[in-house]
Number of protein chains: 2
Amino acid sequence: MSQEGVGVDLETSLGYLLKESSSALRAAMEEVLRPLGMSVTHYSCLELLAQRPGLSNSELARGAFVTRQTMNVLLQALERDGYVTRPAQPPVGKVLPTRLTPRGRRSLEKASAAVRSVEARMLAGLTETEQSDAFRILQRMIHSLRGDNEGA
Amino acid sequence: MSQEGVGVDLETSLGYLLKESSSALRAAMEEVLRPLGMSVTHYSCLELLAQRPGLSNSELARGAFVTRQTMNVLLQALERDGYVTRPAQPPVGKVLPTRLTPRGRRSLEKASAAVRSVEARMLAGLTETEQSDAFRILQRMIHSLRGDNEGA
DNA sequence: TGACTCATGTCAGCATTCTGACATACGTTG
DNA sequence: CAACGTATGTCAGAATGCTGACATGAGTCA
């Protein structure tokens, strides 16, 4: 039923499996966030702001793994709808520190609980050791991919 | 320098780290595929066809983690440019089995080598044991996320 | 056979994200 | 101080992917 001796079996590729995992996680998150009228990027932005108040647009973009242009579009919508606030004038330089409004914080609460339940489901069946193994291995992969390990 | 006692530290979330890994992998793949004028989805489609000739549009979509509508648009472009072929009439039902043309196969060769080098870089620094651990853990995560483990 | 369910291919419209470009502000270096 | 490189916020246009919808074909079951 399967192919044999084709060279690179997708079924044995860690890269492919990583993409599959990430896709499954994203789909599961979308499923629970949709009833709340929130997209994954939308949620990521609010969660970042809850944990690190005052992040700038560019910092939020890096944290949510999108471009700063994309985050800017999102922030303008969130600001218009009253979920976040930014000062009219930058306190220093061009950087506009962003903060959650009470409304934004309320909106995040349900979403955060929903996402946490998804993550809990993902980790169900994994031992503590396996979780820390996964953490260490994924960090190593990121490090290698970014080429931090070059030079002498 | 970091926040403490905020509840959920993004720096300790396996879900966030999974997204970060996947994002780093995708960025690395885009970097090496761009000079070849190929996107990740584009490459994924060709690679799938190389390994499993005759896949249908819907099967390709599932394998590349996009909707069948998205894959349909891509296939029409690839067919127009002579990278793949589909029969004018479905042999059975509505399913159109797709195959690489020699041109498609040639185009894939360089891309496949480039992507393989990215995956090799990602896995550099991991022992055989760590790789198989990661494989098992990621599969477990996918399984749990999809809810295959319910019922009695 | 006929009704029902499901999967497929495809078209159209919309949402999201990206690339390109520009002006501005900071830090460093001469 | 002046020039340079870098980072930021933002606008505009293009690419990419998604949702919704429809017709068609296969399989199931009464």
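In the predicted model, DNA strand D is surrounded by 21 residues, of which A:Ser58, A:Arg68, A:Asn72, B:Thr41 and B:Thr70 come nearest. Sugar or phosphate accounts for 59% of the strand D atoms within 4 Å of the protein, and bases account for the rest. Two phosphate contacts involve chain B. A polar side-chain atom of B:Thr41 is placed 2.7 Å from a phosphate oxygen of DNA strand D, and a backbone N or O atom of B:Thr67 lies 3.0 Å from a phosphate oxygen of that strand. A base is approached by B:Arg68, with an N or O atom of its side chain 3.5 Å from a base nitrogen of DNA strand D. Elements contributing two or more residues to this surface are α3 (57-64) and α4 of chain A, together with α4 of chain B. With 4 residues, α4(A) gives the most. The surface near DNA strand D comprises 3 nonpolar, 11 polar and 7 charged residues.

Around DNA strand C there are 21 residues, and the closest are A:Thr41, A:Thr70, B:Ser58, B:Arg68 and B:Asn72. Of the strand C atoms within 4 Å of the protein, 59% are from sugar or phosphate, the rest being from bases. Polar side-chain atoms of A:Gln69 and of B:Lys94 each lie 3.0 Å from a base oxygen of DNA strand C. The side chain of B:Gln76 instead has an N or O atom 3.0 Å from a phosphate oxygen of DNA strand C. Two or more residues each are supplied to the surface near this strand by α4 (68-80) of chain A and by α3 (57-64) and α4 (68-80) of chain B. Here α4(B) gives the most, with 4 residues. By class, 3 residues of the surface near DNA strand C are nonpolar, 11 polar and 7 charged.

Within chain A, helix α1 (residues 14-33) packs with helix α5 (residues 102-123) at an angle of about 145 degrees, the axes being 9 Å apart. The crossing of α1(A) and α5(A) is right-handed. From α1(A), the contact is made by A:Leu25, A:Ala28, A:Met29, A:Val32 and A:Leu33; from α5(A), by A:Ala111, A:Ala114, A:Val115, A:Val118, A:Arg121 and A:Met122. These residues divide into 10 nonpolar, no polar and 1 charged.

The mean pLDDT of chain A is 90, with 91% of its residues at 70 or more. Residues 1-7 of chain A have pLDDT below 50, and this stretch has 5 contacts in the model beyond near neighbours in sequence.

Terms used: Residues numbered from 1 in each chain as written. Chains lettered and ligands numbered in written order. Predicted model: local features only at pLDDT ≥ 70, side-chain atom pairs only at ≥ 80, totals over all residues. Heavy atoms only, no water. pLDDT = per-residue confidence, 0-100. Contact = heavy atoms within 4.5 Å. Axes fitted to C-alpha atoms, helices over the stretch in contact; angles between N-to-C directions. Left-handed = near helix turned anticlockwise from the far one by under 90°. Nonpolar A, V, L, I, M, F, W, Y, C, P; charged D, E, K, R; others polar. Near = heavy atom within 4 Å. Polar contact = N/O pair within 3.5 Å; in protein donor to acceptor, adjacent residues only side chain to side chain.
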